[in-house]
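Colleague: Please take a close look at one part of this model for me. I would like the sheets and the helices that pack on them, in one connected account.

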Amino acid sequence: MQIIKFGTDGWRGVIAREFTFENVSIVAQATMDYMAREGLAAKGLVIGYDRRFLSREFAERCAEIAVGNGIKVLLTETYAPTPAVSWGVKSRGAGMGIMITASHNPPIYNGFKVKESFGGSARPATTKQIEALVEKNSAACREILAAPFAEALQNGMISRFDANTEYYAQLKKYVDIELIKKSALPFVVDPMFGAGSGVFPVLLPGALEIHGDCNPAFGGQAPEPIMEHLQVLSEMVKSGGFRAGLALDGDADRIGAVDENGDFFSSHMIYTVLLRHLYERKGLRGGVVKTVSTTQMINLLAEKYGLELFDTPIGFKHICELMLDHDILMGGEEFGGLGVKGHMPERDGILMGLLLLEAMAMSGKGLKQLLDETMDEIGRFYYRRIDLQIGQPAKEKLIARLTGGETAAIAGVAVAKTNFSDGFKFIFANGAWLLIRPSGTEPVLRLYSEAGSPEEVEKFLSAGRELAGV
């Protein structure tokens, strides 16, 4: 068995290589042992799954193991968005939740996400304990306790439920759906063949959806709503007279968009527009959380509004902890994971999409117009991220070099300060920055940069590639 480690949100692996029924069973047994030890077993377990290859079967195996350990299971009756499953954990008072999904990872991956009773991603302290139980159980050849699925379904230890009904009711409380309907905003949504398929047409009848059919190969690309993957959506907005395009990742907990001109509207732009919307139009207050790879625009807005700002490593679990311990208005990360107060400490791409539509309906303006209003006040920012394939030896060599602290300048520009809390972030005197971050789950090196011009961004990204030798 491989060493199983939880990444930024859950454990993921290539299907049939690391992500096997044997390994899933081992992680599920450790999760049940954790629930028993922490006194959570009597509260039951919610299990959901996405549209990836074998996700339903992996979810059913987890249910069998839960029942084998005497834990009652609520299993989604079909695929469901992660936020709907998370809301089910919270609203039904379950002890924990499991979501079988690899989120935005390529089609060959699947994953095992753990949700705590508050609905959010399992905190680092929790996943470390589950990892320790995996190791302990493996060393002791711990028996996997499981009950036959059909038998557990018949005797009521497993019950199927509709995860969407209660979740939709919560969304309608948070967002003025009727206002959006009355505005008749023409928009198109791309769920990227994922678990968010069908949601917007139900909430907003008449909404146009593309890529909503079931395709475990996700059209041959990772279901991640980044610019390179949204060309079809962009062309539709440009040619079809739509005011906006919304996109969801594979399990619908992340959001992407294109504006009224069909141009990519990044998660940084979405965060900026929504923070202003929540503060100025909805009258909400609280602190603001951002990860190390998130735009400086959030810093400047927090300063403008007098809101406390928190900076965390990448991974919504870190934002979640702050949302549990502090009065947080909004938290967000570069990858399109955004959460808000009054909901749950969890990413929710569907809610964020609805809030964007609400902001447009309330203001009568497009997404670009809304962003331009803010940039006119705080300055112009440009951002780009590139993902590069990198082998393990090259990755280790790069990490050793950067950890050594010998990088005094990049692209001929002196480094003013650094932030190595998650990856290697180099910040320059004019506020521009470059982040070099090896992925913890894939053979990938991610380079990020933000600056006052596109040319400056490209200069820093090229320098990052040169540093990495890729």
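**Sheets and their helices**

Modeller: This is a predicted model. Start with helix 16 (residues 454-468), which lies across strand 16, strand 17, strand 18, strand 19 (424-428), strand 20 (433-438) and strand 21 (444-451). Helix 16 runs at about 150° to strand 21.

Those 6 strands form an open sheet with antiparallel pairing. The order is 16-21-20-19-18-17. Strand 16 (382-389) and strand 17 (409-410) stand at the edges. Each has a single partner strand, so one side of each is left without a neighbour in the sheet. At one of these edges, strand 17 pairs with strand 18 (residues 413-419) over 2 bridges, in the antiparallel sense. There, Ala409 stands opposite Ala414 in strand 18.

Now the sheet of 4 strands. It is also open, but its pairing is mixed, and the order is 13-12-14-15. The edges are strand 13 (309-312) and strand 15 (338-340). Each has a single partner strand, so one side of each lacks a neighbour in the sheet. On average, neighbouring strands of this sheet are turned by 15° against each other, direction ignored. Helix 11 (residues 296-305) packs on this sheet and touches strand 12 (287-291) and strand 13. The direction of helix 11 makes about 165° with that of strand 12.

Helix 12 (residues 316-325) lies across strand 12, strand 13, strand 14 and strand 15. Helix 12 runs at about 175° to strand 14. Strand 14 (residues 328-332) and strand 15 run antiparallel, joined by 3 bridges. Gly331 stands opposite Gly339 in strand 15.

Notes: Residues are numbered from 1 along each chain as its sequence is written. This is a predicted model: local features need pLDDT of at least 70, side-chain atom pairs count only at pLDDT 80 or more; totals for chains, interfaces and linings use all residues. Side-chain values use heavy atoms; hydrogens and water are left out. Two strands pair if DSSP finds at least two bridges between them. Axes are lines fitted to C-alpha atoms, for helices over the stretch in contact, and angles run from 0 to 180 degrees between N-to-C directions. Contact means heavy atoms within 4.5 Å.
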